[in-house]
Amino acid sequence: MTETKTLVLNHKQIKQKITRMAYEVYERNAFENEIIFAGITGMGFILAGYLAKCLKDISPLDVKVIEIHLDKSDVNRGEVALSENTDLNNKCVMVVDDVLNTGKTLVYALKPFLDIPIKKMEVAVLVNRSHKLFPVTPDYTGLELATTLNEHITVDLSSDNHSVHLH
């Protein structure tokens, strides 16, 4: 049996979503000095880089990108750590992932920030599937997509031809 894949977003549409999200981030954070984009390992980290670059292009805000290292296949067992030791005190932190499904990965991704007195934390995702089991709601969403629990979303931002597929 072959698996059917449906293209949900093409390269151009993904670029448009990222640009729109960056403008929204700027609108809500225009009075901040710096925003730290903390991308979750994999496509979340790549998306954080794209959002940060777009925000740099449209605003005077200082922007930094770090990675949240975690094992997405077993988030409750593995260690969760940041890619670098950076000063996050009184900073605005944007946690970024490619897809929000149940919220479990995002909840565990917050672990490194719990003991730091950050100013504000927001969440950005490219695709929100809305199968909420954990109390996580994105502040910035590229696309809301109603799916069944049996369907999967695949985001590819690593190639020159970005895509989001439903299968």
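**A helix, two pockets and selected residues**

Good morning. With a relative accessibility of 24%, residue E151 counts as partly exposed. The structure before you is a predicted model, and I shall begin with this residue before turning to a helix and two pockets. E151 sits in the loop between β7 and β8, the latter strand spanning residues 153–156. Its separation from V125 is 26 residues in sequence, and in space the two lie 18 Å apart, C-alpha to C-alpha.

Let us now turn to helix α1. The helix runs over residues 11–28 and therefore holds 18 residues. From its first C-alpha to its last, α1 reaches 26 Å, close to the 26 Å expected at 1.5 Å a residue. Which residues of α1 are buried? They are I14, I18, M21, A22, E24 and V25. These residues lie on the same side of α1, because they cover an arc of only 160° around the axis. The face turned away from that buried side carries the exposed residues K12 and E27.

The N-terminal end of α1 also has a cap. The capping residue is N10, a side-chain oxygen of which lies 3.1 Å from the backbone nitrogen of K12. K12 thus appears twice in this account: its backbone nitrogen takes part in the cap, and K12 is one of the exposed residues on the outward face.

I come next to the pockets. What is the volume of the largest pocket? It is about 300 Å³. The lining consists of 15 residues, and those closest to the centre of the pocket are V99, L100, N101, T102 and T105. Two elements, β5 (92–100) and α3 (104–109), each give two or more residues to this lining. The largest share, 4 residues, comes from β5. By class, the lining divides into 5 nonpolar, 5 polar and 5 charged residues.

The second largest pocket holds about 160 Å³ of space. Its lining is made up of H11, K15, I18, T19, Y50, K53, C54 and H162. Here the elements that give two or more residues are α1 and α2, the latter spanning 43–58. Which element gives the largest share of this lining? That is α1, with 4 residues. In terms of class, 3 of the lining residues are nonpolar, 3 are polar and 2 are charged. This pocket brings us back to the helix with which we began: I18 belongs to the buried residues of α1, and I18 is also among the residues that line the second largest pocket.

Several individual residues deserve a mention. The loop between α2 and β3 (62–69) contains S59. Is S59 buried or exposed? It counts as buried, because its relative accessibility is 11% and the cut-off for burial is under 20%. The side chain of S59 has two contacts to describe. A polar atom of that side chain lies 2.8 Å from the backbone oxygen of L55. The side chain of S59 also reaches the backbone nitrogen of L61, at 3.3 Å.

Two further residues lie in the loop between β4 and β5. One of them is N90, which is exposed at 54% relative accessibility. Most residues other than glycine have a negative phi. The phi of N90, however, is positive, near 60°. The other residue is E84, found in that loop after β4 (81–82). E84 is partly exposed, with a relative accessible area of 35%. Between E84 and E67 there are 7.8 Å, C-alpha to C-alpha, for a separation of 17 residues in sequence.

K132 is placed in the loop between β6 (120–128) and β7 (140–144). With a relative accessible area of 52%, K132 is exposed. K132 and V63 are 69 residues apart in sequence, and their C-alpha atoms are 30 Å apart in space.

I close with H167, located in the segment after β9 (163–166). H167 counts as partly exposed, because its relative accessibility is 22%. How many residues separate H167 from K5 in sequence? The answer is 162, and yet the two are 4.6 Å apart in space, C-alpha to C-alpha.

Thank you for your attention.

Methods: Residues numbered from 1 in each chain as written. Predicted model: local features only at pLDDT ≥ 70, side-chain atom pairs only at ≥ 80, totals over all residues. Heavy atoms only, no water. Expected span 1.5 Å × (residues − 1). Buried < 20%, exposed > 50% of the residue type's maximum accessible area, 1.4 Å probe, protein only. Arc of directions from axis to C-beta. Polar contact = N/O pair within 3.5 Å; in protein donor to acceptor, adjacent residues only side chain to side chain. 1 Å grid on protein atoms, 1.4 Å probe; cavity = no way out; pocket = protein on both sides within 12 Å on 5 of 7 lines; lining within 4 Å. Points joined across faces, edges and corners; volume = space filled by probe spheres on them. Nonpolar A, V, L, I, M, F, W, Y, C, P; charged D, E, K, R; others polar.
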